Amino acid sequence: MNMLDGLNPAQRVAVQTIEGPLLILAGPGSGKTRVITHRVAYLVNTCAVSPKRIMAVTFTNKAAREMRERLHGLLGRTAQDLSLGTFHAICAGILRREGKAMGLTPSYVIYDEADQLSLIKRCLQELNLDPKRYAPKYFVSGISACKSQLIKPEDYALCVNSYIEELLQRVYRHYQMLLEQSQALDFDDLLMRTYHLFDTHPEILRRYQSRYLHLLIDEFQDTNATQYALAKQMGGKYRNICVVGDPDQSIYSWRYADLRNILSFEKDFPEARVVFLEQNYRSTMNILEAAHTVVSINENRKENRLWTDNAAGLPVRIAETYSEAEEAQYVVSEIATLSQQGEARPVDCAVMYRTNAQSRAIEEAFVRYGLPYQLVGSVKFYERREVKDVLAYLRLIHNPYDSVSLMRIINVPPRNIGQRTIDEFTQWANSQAIAPYTGLERLSTDRTVSPLSARATQALISFYEMIQPLVKKSTEVNVVDLLDTVLDVSGYKAHALSFADGEDRWENILELRGIAADHQQAGPTESLSSFLEAVALFTDVDELDERRDAVTLITLHQAKGLEFPVVFITGCEDGLIPLHWGTLEETDLAEERRLLFVGMTRARHRLLLTHARKRRRHGKLQKCQVSPFLADIEKQLLDRLAHRAVKKRAPRRDQPTLFEL
DNA sequence: CGAAAGGCTCTTTTT
DNA sequence: GAGCCTTTCG
């Protein structure tokens, strides 16, 4: 099969330019995915490059999985040999194999944001800082900012300018110390520590550099400085680095993605070739024009003028509603009508919003109408209490130094280890400069060292004596058996079931058990490891099920990379799009425009933008104005529906409510 | 010492 | 409106 079939000239150049650095600027709907997969297939089939020598980096796990599936179709079994995943997943693997060189155990655990937050709180406590005065979240994001730019605590010490920065420096240093003690890495560490591993161990870097003949990075506009530095390291030998992205779709600067990466790629690699993919195959001309207007207002853009052969299509609709409830009704009734008329099935439709909080009203309307829907990532599975608890047991068993997990479950279910006991115990462990688990170990060998009452000491020792045999067992049995034993021995099963919603909790635990069952390939330790790693890096977009005939409810951010025949963007109001909150931080209007651009360009045939006059926010009813971003769109592209007209289309809810806004 | 109830604050986007 | 923390009660 010829890998160039069905590609336009620009796409062919993007596939065939395999020597040296290459920048592919790919607008929305320009066949980017096709180009990337065909490029990899071209390298393997036509240029005889071994799949083992190709690394492709995607933004989400889902994108990685889909790419592997497509490549499996083009290449067959050998697609398994490609290194394909997110930066985080790839780095997690490298550190699993090579971390020993810098004192990292292969059973290290990955801390998610909740774990980070709880560790930060512990830092504040140990540094005698009042968490009410200094928001823990501030430190989480400050540390993340540092790590995204390869700034270590000692580097940061050099550029401290204010008291709060001084505090950040101290918290950062302490936090890193605790992470190390816990043999744990946060998301940013996965990247930063891989960079430092390569930086301090040239022999390891050389191995990876020599292995990867070709490097391909997707969604390059949303990479941070650390990720770019990693790419330069790994591609340093052959310089066959191909980056794909679109500056207009950069929407993660709040996560410290750095647009400069893509804007200055040509300066960093003067020999780079640049390919523009400007033909859009996805959207109607009206949709494309309207979306372009929104983003074209931005200054300092790299103009990428999209065009399409598609028909003008329907005008973009802007509909005003009275309240968010009416907005939701309108959306649902429009979808119901389209569905009845056979114009679109529910699965063809997506409802997008800026904040997750908005999904609630929409969801209610779907329930009321009995229309099937699929909510992406709102009640996050891996954030459920019971799921986190059970995972904490497994993590602790896998890596007993993991102090966050230990603290989480030491008294869950209740086993008479109260806050006071915990505080005194931690203080004692800290004074001995040992990890909490080591402290438990010591107490059990010699309880006379205990600073606590005999009763408290006994409770701690009992906990240790429950966990320790499980640690041994974890190297002998598979994940599912281990999980079953944990649920039994710890009393967690009974604990979960004892709640009013116990059945639901147990269901979730069983679901987790099912996921664990998928990881039983290798030996016990490896499968536990791979299960915990997969779980840590999993995100909610990953579970979007395209086979169900249901409407997708999704945030604008999560919608990146997806497409739907019919798209609703709700809450197109000043304050929501663009989002602005208290006085704390400034709104990046350019990024807000890009976000709306991303949302609009997800639509193939129909695009409907809705805004409400009144909306509940922060528990208060607020008056809302239409988003200023819509003002510049030319009138002939639009079909404006005033509130009165909307009301006729959106029949009243079939159940009476107490308060009509 | 631990559990339950009430008061408090804070509300963006996610690997 | 929700989750977190503190207070109160057992």
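**Exercise 1. Work out how many helices and strands chain A has, and how its spread fits its length.**

Step 1: Chain A of this predicted model holds 27 helices and 16 strands. Both are DSSP runs, numbered from the N terminus: H or I with at least four residues for helices, E with at least two for strands.

Step 2: Now the spread. The radius of gyration is 27 Å, close to the 26 Å from the globule rule for 661 residues, so chain A is as compact as a globular protein of that length. (The radius is taken over C-alpha atoms, and the rule is 2.2 Å times the number of residues to the power 0.38.)

Step 3: For the outline, the C-alpha atoms fill a box of roughly 85 × 70 × 50 Å along the principal axes.

Residues are numbered from 1 along each chain as its sequence is written, while chains are lettered from A and ligands numbered from 1 in written order. Local features need pLDDT of at least 70 and side-chain atom pairs 80 or more, while totals for chains, interfaces and linings use all residues; side-chain values use heavy atoms, leaving out hydrogens and water.

**Exercise 2. Find out how many disulfides there are, and check Cys 91 and Cys 123.**

Step 1: Searching the whole structure gives 0 disulfides (a disulfide being two cysteine sulfur atoms within 2.5 Å).

Step 2: For Cys 91, the nearest cysteine sulfur belongs to Cys 146, 19 Å away. Cys 91 is also buried, because its relative accessibility is 0% (buried is under 20% relative accessible area, exposed over 50%, partly exposed in between, with a 1.4 Å probe and protein chains only).

Step 3: For Cys 123, the closest cysteine sulfur is in Cys 146 at 14 Å, too far for a bond. Cys 123 counts as buried too, at 0% relative accessibility.
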